[in-house]
Amino acid sequence: MKAADAIRDAAARLADVSDTPRLDAELLMAHAAGISREDLILRLRDIDMAEGFAALLDRRLSHEPVAQIIGTRDFWTLTLRVTPDVLTPRPDTETLIEAAVDHWQGRAGPRRILDLGTGSGALLLAALDIWPEATGLGVDISEPALAVARDNAQRCGMVDRASFQCGSWLGGVNEAFDLILANPPYICTGIALPKDVADFEPAGALFAGPDGLDAYRLIAPHLADHLGANGVALFEIGYDQGESARALFEREGFAVSVLPDLGGRARCLKIVHLR
């Protein structure tokens, strides 16, 4: 069977599993063929279905995420390794990076960057890619996640600029930073999630108590000690947490604004010191 026909058939079968069935099929075929998706598209009419594609398709049909099947996920300008030990980076999280770029526009960029709950290292490494003079620290409570982050720093050529340590949020962090980034867990415990999230993503990166705010409650009282005088903290939030999460940081004396993602939903808290 030609690759084009196999992808068409696979996309039809994936329609009940994925919101992006054609993209999923192309990524799986490219992985099976050992080429990039771009090369696959250029050669689609000329190549046969790659050996191993059917097995990969079966895994996706069982709801296993594409990123975990192929082992990588693109985020910002980077291609990062992902495993079941880390939350798969998502496009919505790029809202934090866009907000950071906007905040530092026209000024010297941040020199020290902190990524809380770093997981794959996506936020830290994306920021370091933008500001090549900066260095950063990623903190995570999971040693397996930190192993993935360190590997990604190596892959991205940033091993000399990115360091990582095991810890719970700001505990054990002993300095102030110009830019603090975090995509903490913020889903209410007990919420039903899609199978490809619930069965394959680490629960510790998803759930944060009955109202989803437990992580923010732990971070907010200590943030002032770690955010530089002219620095900014950018935290991902759930679409319905804009006001409740905002209030936690306003009580600590910060100026807080809620920024939307490309879909217009609340996605990011921008936190700065009151002037």
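Which side chains meet in a salt bridge at 3.0 Å, N to O? Hi everyone, let's start there. In this predicted model, the pair is D24 and R60. D24 sits in helix α2, residues 21-33, while R60 belongs to helix α4, residues 53-61, so their contact ties together parts that are 36 residues apart in sequence. Both partners, D24 and R60, are buried.

Now let's follow a second pair. D92 and R267 also join their side chains in a salt bridge, this one at 3.4 Å, N to O. D92 is found in the loop between β2 (78-81) and α6 (94-103), and R267 in strand β9 (residues 266-273), so here the parts tied together are 175 residues apart in sequence.

Are these two residues buried or exposed, or something in between? D92 is partly exposed, at 27% relative accessible area, whereas R267 has 7% relative accessibility and counts as buried.

R267 has another partner as well: its side chain meets that of E236 in a salt bridge of 3.7 Å, N to O. That contact links strand β9, which holds R267, with strand β7 (residues 227-236), which holds E236, across 31 residues. E236 is buried too, with a relative accessible area of 3%.

If we step back, D92, E236 and R267 are part of a salt-bridge network that also takes in D261 and R265. For the whole model, the count comes to 22 salt bridges.

One last stop, away from the charges: helix α7. This helix spans residues 122-130 and is mostly covered, with 7 of its 9 residues buried. Among them are A122, L123 and L128. Thanks, everyone!

Key
Residues are numbered from 1 along each chain as its sequence is written. This is a predicted model: local features need pLDDT of at least 70, side-chain atom pairs count only at pLDDT 80 or more; totals for chains, interfaces and linings use all residues. Side-chain values use heavy atoms; hydrogens and water are left out. Buried means under 20% relative accessible area, exposed over 50%, partly exposed in between (1.4 Å probe, protein chains only). Helices (H or I, at least four residues) and strands (E, at least two) are DSSP runs, numbered from the N terminus. A salt bridge is a side-chain nitrogen of Lys or Arg within 4 Å of a carboxyl oxygen of Asp or Glu.
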